[in-house]
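Open the model in your viewer and keep the sequence panel beside it. We will go from the whole chain to single residues.

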Amino acid sequence: MAMRALIIGATRKLGPPVARQLVGDRLQVRALVRDPGRARTTLPTAIELHTGELRDSQSIITAMKDVDVLYLNLA
């Protein structure tokens, strides 16, 4: 089974290239995003989008379910 990675900050400057690399490395990738419509325009379709934000601890807890690796891309 492939490892699952969660990216927080996936739509920022470094997020999309990291997301593409992780997908290319055959990881299952999930992104915590505030605006799924906007995120879908910049992220590969193979990425699972989870709607939420950092100020909502429950959305982070839910997004972390079954995740092996966390990539945190915050300024």
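Begin with contacts. Among those in the protein chain between residues at least 6 apart in sequence, 52% join residues at least 24 apart. Keep in mind that this is a predicted model.

**Stop 1: the whole chain.** Switch to cartoon and colour by secondary structure. You should find 3 helices and 4 strands in the protein chain. Trace them along the sequence: the pattern reads β-α-β-α-β-α-β. The radius of gyration of the protein chain is 11 Å, close to the 11 Å from the globule rule for 75 residues, so the chain is as compact as a globular protein of that length. Along its principal axes, the C-alpha trace spans about 30 × 25 × 20 Å.

**Stop 2: the surface.** Turn on the accessible surface. For the protein chain this comes to about 4900 Å², and 54% of that belongs to carbon and sulfur atoms. Of the 75 residues, 36% count as buried. Next, colour the charged side chains. There are 11 positive and 7 negative ones, and the centres of the two sets lie 6 Å apart.

**Stop 3: helix 1.** Select residues 15-24, which form helix 1. Which of its residues are buried? Show Gly-15, Pro-16, Val-18, Ala-19 and Leu-22 as sticks: these are the buried residues of helix 1. Now look down the axis of helix 1. The buried residues fall within an arc of 160 degrees, so they line one face of the helix. The general geometry helps here: an α-helix has 3.6 residues a turn, so residues three or four places apart point the same way.

What do the buried residues of helix 1 pack against? Add strand 1 (4-8), strand 2 (28-33), helix 2 (36-42) and strand 4 (69-72) to the selection; the buried residues of helix 1 pack against these elements.

**Stop 4: Arg-26.** Step just past the end of helix 1 to Arg-26. Arg-26 sits in the loop between helix 1 and strand 2. Check its backbone: phi is near 70 degrees, a positive value in a residue other than glycine. Most residues other than glycine have a negative phi. Is Arg-26 buried or exposed? Arg-26 is exposed, with a relative accessible area of 71%.

**Stop 5: Asp-66.** Go on to the loop between helix 3 (57-63) and strand 4, where Asp-66 lies. Phi of Asp-66 is near 65 degrees, a positive value in a residue other than glycine. Asp-66 counts as exposed, at 56% relative accessibility.

Conventions
Residues numbered from 1 in each chain as written. Predicted model: local features only at pLDDT ≥ 70, side-chain atom pairs only at ≥ 80, totals over all residues. Heavy atoms only, no water. Helix = DSSP H or I, 4+ residues; strand = E, 2+ residues; numbered from the N terminus. Rg over C-alpha atoms; globule rule 2.2 N^0.38 Å. Buried < 20%, exposed > 50% of the residue type's maximum accessible area, 1.4 Å probe, protein only. Contact = heavy atoms within 4.5 Å. Areas by Shrake-Rupley, 256 points an atom, 1.4 Å probe, with all protein chains shown as cover. Lys, Arg positive; Asp, Glu negative; His and termini not counted. Charge placed at Lys NZ, Arg CZ, Asp CG, Glu CD. Arc of directions from axis to C-beta.
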